[in-house]
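Q: I'd like to learn how to read a model like this, one feature at a time. Can we start once it's on screen?

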Amino acid sequence: MNNPLTLEEKVTVPRLLDHDLTGVLAVLLDANVNPDLDFNSIQAMRSLLVATLESVKILTRYDNFRLDTIVPEHIEYLLSNHQLVQSYFEKGTPLSIHSNIDKEFRTQQDLVQSALHNLIKNSSTYTSRESGHIDIYVRDFSGEVPSPAYVMPDTPLAGDFVKFDVQDNGPGFSTNRPLNEFLQLGVTSRERGGGFGLYYVGLVAKVLRSHIGIESEPGNTTVSLYHPLNLE
């Protein structure tokens, strides 16, 4: 499969390394002397490390990359890794996973994993460990994508998709600009935010020919990735 990112977009991709891996690498380097870090959590963080590095390699390349055939069990394992990573960090908002797909599909698993991680990080930023909650839903979706914030021109809005939802009970997106503008590099609701996470998810959506939906109100915000079921 080819990479449709522009040169300008590719140049921004290496920022993912610092954006995603600073905390994870610190934990892994400390793993030998940290009794609180169990084997499964170490494996989950290593999985995220590999996915991030592979994602940078894929998104900056000029030749084609391969697609993986994913079965429901792969998705459930990927989601459980996110749950382990999220539960380890002190400020991590509790994360619940809900997977309800029964079909295999083709995708690039590392890109999906890194995109979900960024959506979870965003939700965790705006929620608290005490009263916040994040839910990930993966399910089949057939029909027309409602009110998309990002449309991939090569993919019809109506069709068969695997829908990835990251939902939280935070305050929602700022209302001072259209929701699709938050997919632009540097746009953020946070005073000290870098505006990279959701922009990166947009890059992954472009490469995987997917649409993005955003529904936001105080106490109920969902960012959805509509991944084509029959990606070639």
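A: Sure, and burial comes first: buried means under 20% relative accessible area, exposed over 50%, and partly exposed in between, with a 1.4 Å probe and protein chains only. Keep in mind that this is a predicted model, where local features need pLDDT of at least 70 and side-chain atom pairs count only at pLDDT 80 or more, while totals for chains, interfaces and linings use all residues. Residues are numbered from 1 along each chain as its sequence is written, and side-chain values use heavy atoms, with hydrogens and water left out.

Q: Is Arg-209 buried or exposed?
A: At 11% relative accessibility, Arg-209 counts as buried. Its backbone deserves a look too. Most residues other than glycine have a negative phi. Arg-209, though, has a positive phi near 55 degrees. Arg-209 sits in the loop between α6 and β7; helices (H or I, at least four residues) and strands (E, at least two) are DSSP runs, numbered from the N terminus.

Q: Which loop holds Ser-147, and what is its phi?
A: Ser-147 is in the loop between β4 and β5 (148-150), with a positive phi near 45 degrees. At 63% relative accessibility, Ser-147 counts as exposed.

Q: How do I read a nonpolar core?
A: Think of a set of buried Ala, Val, Leu, Ile, Met, Phe, Trp, Tyr and Cys residues joined through side-chain atoms within 4.5 Å. The largest one here has 51 residues, and Phe-164, Leu-198 and Ile-212 touch the most other members. Helix α6 (residues 197-207) gives the most to this core, with eight residues. A second, separate core of eleven residues includes Val-24, Val-27, Leu-37 and Ile-42.

Q: How many aromatic pairs are there?
A: Rings of Phe, Tyr and Trp (its six-membered ring) pair if their centres lie within 6.5 Å; planes under 30 degrees apart are stacked, over 60 edge-to-face, and the rest tilted. That rule gives six aromatic pairs. Phe-141 and Tyr-226 are edge-to-face, because their planes are at 75 degrees, with ring centres 5.2 Å apart. Phe-141 lies in strand β4 (residues 134-144) and Tyr-226 in strand β8 (residues 220-228), so the pair ties together parts 85 residues apart in sequence. Phe-173 and Phe-182 make a tilted pair, 5.1 Å centre to centre with 55 degrees between the planes, and both residues are buried. There's also a cluster: Phe-141, Phe-161 and Tyr-226.

Q: Which strands pair with β8?
A: Two strands pair if DSSP finds at least two bridges between them. Strand β6 (residues 158-168) runs antiparallel to β8 over eight bridges, and strand β7 (residues 211-217) pairs with β8 in the antiparallel sense over seven. Val-162 stands opposite His-227, while Glu-215 has Thr-222 as its bridge partner. β7 and β8 form a hairpin with two residues between them, and Gly-219 in the turn has a positive phi of about 85 degrees. Eight of the nine residues of β8 are buried, so the strand is largely enclosed by the rest of the structure.

Q: What does the side chain of Ser-224 make a polar contact with?
A: A polar contact is a pair of N or O atoms within 3.5 Å; within protein, one must be able to donate a hydrogen and the other to accept it, and residues adjacent in sequence count only if both atoms are side-chain atoms. The partner of Ser-224 is the side chain of Asp-165, at 2.5 Å. Ser-224 belongs to strand β8 and counts as buried at 5% relative accessibility.
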